[in-house]
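Subject: Structure handover

Hi,

Here is the structure I promised to pass on, along with some notes on what turned up in it. Have a look at it first, then read on.

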Amino acid sequence: MRAIFTHRFVRQYAALSATRQAKVNKQIGFLLTDLRHPSLRAKKYDEARNIWQARVDNSYRFYFRIEADRYELLSVIPHPK
């Protein structure tokens, strides 16, 4: 699998602190090797639009689609608690 990044994801990622960017990088690495990695807690977020949610940390989540052989990373935002 490989990752592609939407403009929205890139813009949101750039606004994060360096510490949080490192966490995102680590979690994307896990995603690329194992969708079921325990720290991701990946789950289907929106069945109709094929959007998945995965955990960055307690406060942030990233959203993505699975398209053939790639993950399309859509956004990385604060978790709506």
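Before the notes, one term: two strands count as paired if DSSP finds at least two bridges between them. Please also keep in mind that this is a predicted model.

With that term in hand, here is the sheet. β3 and β4 are antiparallel partners, joined over four bridges. Within β4, F64 is the residue that W52 stands opposite. In general, the strands of a sheet pair through backbone hydrogen bonds, in either a parallel or an antiparallel sense.

The whole sheet is open and has five strands, in the order β1-β5-β4-β3-β2, and its pairing is mixed. Which strands stand at the edges? They are β1 (2–5) and β2 (43–46), and each has a single partner strand, so one side of each is left without a neighbour in the sheet. On average, neighbouring strands here are turned by 40° against each other, if you ignore direction.

Two helices go with the sheet. Helix α1 (residues 7–14) packs on it and touches β1, β4 and β5 (70–78), with its direction at about 45° to that of β5. Helix α2 lies across β1, β3, β4 and β5, and runs at about 150° to β5.

Now for two residues in the middle strands. Q53 lies in strand β3 and counts as buried, because its relative accessibility is 7%, under the 20% cut-off. The side chain of Q53 has a polar contact of 2.9 Å with the side chain of Y63. Setting aside neighbours within four places in sequence, the contacts of Q53 include R41, A42, K43, Y45 and H79.

F62 is in strand β4. F62 is buried too, with a relative accessible area of 0%. Not counting residues up to four places away in sequence, F62 touches a whole list of residues, among them F9, Q27, L31, L40, W52, Q53, L73 and V76. For V76 there is also a backbone figure: the C-alpha atoms of F62 and V76 are separated by 4.1 Å, though the two residues are 14 residues apart along the chain.

On to the aromatic rings. A pair of aromatic rings is described by the distance of the centres and the angle of the planes. How many aromatic pairs are there? The count comes to six. In one of them, the rings of F5 and F9 have centres 5.4 Å apart and planes at 40°, so this pair is tilted. F5 is partly exposed, at 44% relative accessibility, whereas F9 is buried, at 2%. Another pair is F64 and Y71: here the centres are 5.6 Å apart and the planes stand at 85°, so the pair counts as edge-to-face. Both F64 and Y71 are buried. Ring pairs also link W52, F62, F64 and Y71 into a cluster, which brings back W52 and F64, the residues that stand opposite each other.

Last, the charged side chains. Side chains of opposite charge can pair when their charged atoms come close. A search of the whole structure gives six salt bridges. One of them joins the side chains of R20 and D57, at 3.0 Å from N to O. That pair links distant parts of the chain, 37 residues apart: R20 is in helix α2 (residues 18–33), and D57 is in the loop between β3 (51–55) and β4 (60–67). Are these two buried or exposed? R20 is partly exposed, at 21% relative accessibility, and D57 is buried, at 10%. K23 comes in here as well, since R20, K23 and D57 are linked in a network of salt bridges.

Another salt bridge is between E47 and K44, whose closest N and O atoms are 3.6 Å apart. E47 is exposed, with a relative accessible area of 60%, while K44 is partly exposed, at 31%. R49 and D46 form a salt bridge as well, with their closest N and O atoms 2.8 Å apart.

If you want one place to start looking, try β3 and β4, the antiparallel pair, with Q53 in β3 and F62 in β4.

Cheers

Methods: Residues numbered from 1 in each chain as written. Predicted model: local features only at pLDDT ≥ 70, side-chain atom pairs only at ≥ 80, totals over all residues. Heavy atoms only, no water. Phe/Tyr/Trp six-rings, centres within 6.5 Å; stacked < 30°, edge-to-face > 60°. Buried < 20%, exposed > 50% of the residue type's maximum accessible area, 1.4 Å probe, protein only. Salt bridge = Lys/Arg side-chain N within 4 Å of Asp/Glu carboxyl O. Axes fitted to C-alpha atoms, helices over the stretch in contact; angles between N-to-C directions. Contact = heavy atoms within 4.5 Å. Polar contact = N/O pair within 3.5 Å; in protein donor to acceptor, adjacent residues only side chain to side chain.
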